[in-house]
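Hi there,

Here is the structure I promised to pass on. Please have a look at it, and then read on for what turned up.

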Amino acid sequence: MAEPVVRMEKISKSFGPVRALQNVDLVLNPSEVLGIVGDNGAGKSTLMKVLTGVHQPDSGQIYFQGRRVRFNSPHDSRALGIEMVYQDLALAGNLTVAENIYLGRELTKKRLGGLVKLLDHRGMAEGATRVLERLKIEIHSPHFQVETLSGGQRQAIAVARSVGFDAKVVIMDEPTAALAVKEVSKVLDVIRRLKEHDVAVILISHRMPDIFEVCDRIVVLRQGVKVGDVPRSHTNMDEIVALITGAQKEALHLCQEVA
Amino acid sequence: MSKSTTAPAYVPARRLSISLIMERFGVALALVILMVVLTILSPEYFLTGANLSNVANRIAFIALISLGEFLVILTAGIDLSVGSIMGLSLIMLAKSCHLIYGWYAGWYASSSMAASLPEPASPVALGVISMLSILVALGTGYLCGLINGWGFTKLRLPHPFIMTLGMLNIARGAANLISGGSPITGLPKALRVFGAGNIILFRTATSKGIRIPVAFIVVLVIYFVLWVFLSHTKTGRHIYAVGGNPQATLYAGVNVKHILNLVYILSGLLAATAAILYAGRINSGTPKAAMAGYELDAIASVIIGGASFFGGRGTVVGTLIGVLIMGFIRNGLNLLNVSVFWQEVAIGIIIIAAAFIDVLRRRAAREA
């Protein structure tokens, strides 16, 4: 078995009296799509905020590619290639596709004999086109303004933005929540494409069909505790829903890494 | 290499629609129509070199404070203090010019080594004095802009409206305090050349040639520099990004506070530059300039020029066209002997119409 990309061990985090996470273990393998499900307040977002360095755990360790790491800010986790795709916050609608993909890391060229550094619009358009083609995202031109695109296309570009620059782990929080049915499949396609390019994906979603369509493994959180960690092939929607609601206390087929 | 299903990169598909053309060139079209109408209504005067260079001269300082206002509105902010910062910089310019001249003249008269230095009234001395007072004016604008930015980013006042409203009053008061409430008149030629100078082209024995105000050239150069800055530099695109989605810009690792501080500083500096043009035109520094309400003209020009109050949308060229439309309407109605009061009504209606067009466009974009 290949070394996991991410291993989180016994992560606990409290906010005042609220115990958001209690001794949660999480393993993410290379090119794996991991679904994380749970009711509101189950700790999904908190766990991801710990992984991206937004929150620091009260106790527990994080290993990245076998190395113990400590993230003090999202900057630290991003430096290692852990990218979070925010639902509606990721893009500036008034900028073009290429400008969004390169936002914050624009390419520049020296002009006038090195006197001024101007943007390399052509280079960014070409780079953006390459990234989009790699993920088979259909956008006619990198010069389109993002706000003229559909929700699914925007979500795809948000993903392209994160993986365009060597992300190893992409975390997506409810990427399909606001999308029309037709659009959802586009985003799921992009997730599959990430897998093909050896990017591990963590997908947080309330939509069971999405989870079952793309995930290799499903982790269930309930009230800050991990109550399930099962391969998709060994479970079904009924069991997952029972785990989420607490009707069933523990998963039947635990993953070997956890067991 | 296998070709993917993605279409080639440079195909402008459905974007080349009538609405896009209207968005890009609508304001320019309005300007052209306005000029045609005014040419027909006032055939003897409107399209003459004298009238056009008169308009260019009159709108030059408005063009600069509007450009600063545009930068701020691009980040979804507002700067109510551009007019009064210009007024305060104007007073600082005239006052420092007179003070430095006074000091130098006094020292020159008493110093034994003065003989080897230029006389106070010589062109060289006046040139240096002008440069120094220009630096004082720019420093004033810079400082006011910096404080405006801090009010928003450091004091975290709820909206730039409040901070810049405060600055409007502070700058007005300071302009009156420093000048004692009356104009400081008489400025050296070297200082006036920017606001009052003309370059005359194609002069022959028979014709007087074409008079191009230096102020207009200054405006064009500054607009060009700002256009390059906004469209072709990282920081320029970040200004647009902040206006489009500040949160996304923050997540992309851009220092949003730095960008916000920068636009208010640039706005202050442009207001100070406007003061230099204004000073040349009227050959004095008058505190009245701080109280004339020019900030409202600036906001109006920016909105007429197609920028959105919601931020992130608008162009440097659009802003210049907005300034020209305002200038030509005032000038045209003057030529047609329409009362100043009706001019205000007309401009008010145009501002509302321009903002309404922005609303329509946003609605159309959402439904597309």
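How many helices and strands are there in chain A? The answer is eight helices and 12 strands. Please keep in mind that this is a predicted model; it scores ipTM 0.81 and pTM 0.85.

Let's begin with the overall shape of chain A. Its radius of gyration is 19 Å, which agrees with the value near 18 Å for a compact globule, because that is what such a globule of 259 residues would have. Along the principal axes, the C-alpha trace spans about 65 × 40 × 40 Å. Of the 259 residues, 45% count as buried. If you take the contacts with a separation of 6 or more, 65% of them come from residues 24 or more positions apart.

Now to the sheet. Six strands of chain A form an open sheet with mixed pairing, in the order S6-S9-S10-S3-S11-S12. Its edge strands are S6 (82–85) and S12 (225–231) of chain A, each of which pairs on one side only. On average, neighbouring strands are turned by 20° against each other, direction ignored.

At one edge, S6(A) pairs with S9(A) in the parallel sense over four bridges, and Ile82(A) stands opposite Val169(A) in S9(A). Which residues of S6(A) are buried on its two faces? On one side they are Ile82(A) and Met84(A), and on the other Glu83(A) and Val85(A), so both faces are covered. This fits a general pattern: in a regular strand the side chains alternate between the two faces of the sheet.

At the other edge, strand S11 (residues 217–222) of chain A pairs with S12(A) in the antiparallel sense, over six bridges. Here Arg217(A) stands opposite Pro231(A) in S12(A).

Two helices are worth a look alongside the sheet. Helix H8 (residues 237–245) of chain A packs on it, touching S3, S11 and S12 of chain A, and its direction makes about 25° with that of S11(A). Helix H1 (residues 44–51) of chain A lies across S3, S6, S9, S10 and S11 of chain A. H1(A) runs at about 150° to S9(A).

Finally, a word on chain B. Its pLDDT averages 88, and 92% of the residues score at least 70. Over residues 1–15 of chain B, however, the pLDDT is below 50. Beyond near neighbours in sequence, that stretch has 20 contacts in the model. Where pLDDT is low, the predicted coordinates should not be read in detail.

Best wishes

How values were computed. Residues are numbered from 1 along each chain as its sequence is written. Chains are lettered from A and ligands numbered from 1 in the order in which they are written. This is a predicted model: local features need pLDDT of at least 70, side-chain atom pairs count only at pLDDT 80 or more; totals for chains, interfaces and linings use all residues. The radius of gyration is taken over C-alpha atoms; the globule rule is 2.2 Å times the number of residues to the power 0.38. A residue is buried if 20 or more other C-beta atoms lie within 10 Å of its own, exposed if 12 or fewer, and partly exposed in between; C-beta atoms are placed from the backbone. Two residues are in contact if their C-beta atoms, placed from the backbone, lie within 7 Å. Two strands pair if DSSP finds at least two bridges between them. Axes are lines fitted to C-alpha atoms, for helices over the stretch in contact, and angles run from 0 to 180 degrees between N-to-C directions. pLDDT is the predictor's confidence in each residue, from 0 to 100.
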